[in-house]
Amino acid sequence: MRALVLTALMAAAAPAALAQNVYVTADRMLDVTTGRTIVEPAIIIQDGVITQVGTRDRLQVPSAAEVIELPRVTLLPGLIDMHTHLDSDPEAGGFTGLQFTDAYWTVISVPNAKKTLEAGFTTVRNVGSGNWTDIALKEAIEGGKIDGPRIVPAGYSFGATGGHCDATGLPPSFEAKNPFNSDSPDEGRKRVREIRKYGAEVIKICATGGVFSHNTEVGQQQLSFAEMKAIAEEAHMWGLKVAAHAHGASGIRDAALAGIDTIEHASLIDDEGIAAAKKMGAWLSMDIYNTEYTQSEGAKNGVMEDNLRKDREIAEVQREGFRKALKAGVKMVYGTDSGVYPHGDNAKQFSVMTRYGATPLQAIQTATINAADALGKKDKVGVIKAGAFGDLVGVTGDPLANIRLLETPAFVMKGGVTYVGGDK
């Protein structure tokens with residue numbers, strides 16, 4: 001029997017294509033489904049997939065396996081962020097991004113993906129990018145060319161002409177527009193087909209105005225119920241789920257009733273929206289951390305006062321809406337809008353969720369079993385069990401006692417390859 005303990009240096013250099021059979025042990029493991037803590041767990045991963053889960057005294061080390069011992073560490077499944085923008089840079093706020101060439105955003109997505117993975121987020125849903133960047137990024141990661149999380153890409157997000165998903169704020173001489181603007185139910189159906197054709201695995205639409213667009217107030221509905229229903233029906237026919245950016249109350253309600261799968265932001269949700277989401281089984285993805293970064297750093301980064309104003313106006317309302325929806329039993333997933341704040345800080349939202357009513361376990365479940373369920377991948381990610389990917393995160397201590405431990409993981413593994421920690 002050959003047993004090795006990976007060092008952090010060796011693990012960081014290991015390409016995903018060379019994932020090895022490994023045996024992982026730690027002091028504890030959190031069962032995110034039940035909240036039960038398992039003492040001295042043991043996990044066997046072969047070819048990137050978990051084959052056995054047990055305890056150290058019952059699960060023997062396979063021959064020729066690499067052994068990773070994690071004293072003082074509690075293991076959890078790899079985390080999932082359902083709302084990222086890996087090709088965004090929060091330091092390029094407002095119009096300051098116009099100083100960069102178009103391909104700049106694709107280039108910065110590479111280090112952003114690495115930071116996200118090293119923060120413990122082994123799966124992300126990227127809900128909108130330019131130039132098909134998230135699809136290219138996914139291909140490069142899966143090909144073992146660069147390090148990054150598993151990506152569920154949306155390609156281009158789209159909405160109404162002049163709405164939040166359009167290119168707003170520039171004069172007509174620029175002829176700036178989203179090439180996939182949609183202004184009728186039939187156009188919406190066609191956009192689903194076009195974007196799926198080029199690699200989208202989720203459809204992202206903008207149902208209402210937004211914080212960082214121009215000439216659109218956040219509560220303003222911009223896609224009708226009929227348009228959203230057509231988009232949802234078309235996407236579901238093709239086996240795709242739909243995410244809808246929706247800040248305003250009427251847009252949230254109509255998105256839920258139209259069959260949209262996840263409602264992003266949900267800032268101004270009211271009782272009707274809560275009832276509609278519960279009735280239809282829609283998931284809420286509420287980014288209740290990022291306003292802290294926007295308000296402290298936004299002006300310095302070039303964010304215009306009108307956008308800062310909108311962020312201020314909805315911040316506390318959104319957080320109280322989160323509290324109310326959670327208490328009402330609406331289904332929740334973990335979505336942060338990374339790119340509005342620096343990539344790699346994704347876990348900072350956990351503590352805000354507990355501040356506004358979630359238990360530590362509930363918060364963790366939004367980024368594990370809930371998110372996996374909403375993705376349609378509940379047996380592959382967000383859990384530690386046989387048949388799931390070998391995606392693990394470890395923290396030094398008990399995350400149920402101190403949720404902020406998740407902000408500085410001691411160990412990160414994706415598909416049996418260690419990216420953070422692993423040294424004895």
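A residue counts as buried when its relative accessible area is under 20%, and by this criterion Cys 206, at 2% relative accessibility, is buried in the present model, which is a predicted one. Its partner Cys 165 has a relative accessible area of 10% and is therefore buried as well.

These two cysteines form a disulfide, with a distance of 2.0 Å from S to S, and the structure holds 1 disulfide. The pair links distant parts of the chain, 41 residues apart, since Cys 165 is placed in the loop between β10 (158–159) and α4 (185–197), whereas Cys 206 belongs to strand β11 (residues 202–206). The torsion about the S-S bond of Cys 165 and Cys 206 is about 60°, and the disulfide is therefore right-handed. In general terms, a disulfide is a covalent bond between the sulfur atoms of two cysteines.

Backbone geometry was also considered. Most residues other than glycine have a negative phi. Against this background, Trp 132 shows a positive phi, near 60°, and this residue is located in the loop between β8 (121–126) and α3 (133–142). With a relative accessible area of 23%, Trp 132 is classed as partly exposed.

A positive phi is also found at Asn 215, where the value is near 65° in a residue other than glycine. Asn 215 is situated in the loop between β11 and α5 (225–237), and its relative accessible area of 74% places Asn 215 among the exposed residues, for which the cut-off is over 50%.

Methods: Residues numbered from 1 in each chain as written. Predicted model: local features only at pLDDT ≥ 70, side-chain atom pairs only at ≥ 80, totals over all residues. Heavy atoms only, no water. Disulfide = S-S within 2.5 Å. Helix = DSSP H or I, 4+ residues; strand = E, 2+ residues; numbered from the N terminus. Buried < 20%, exposed > 50% of the residue type's maximum accessible area, 1.4 Å probe, protein only.
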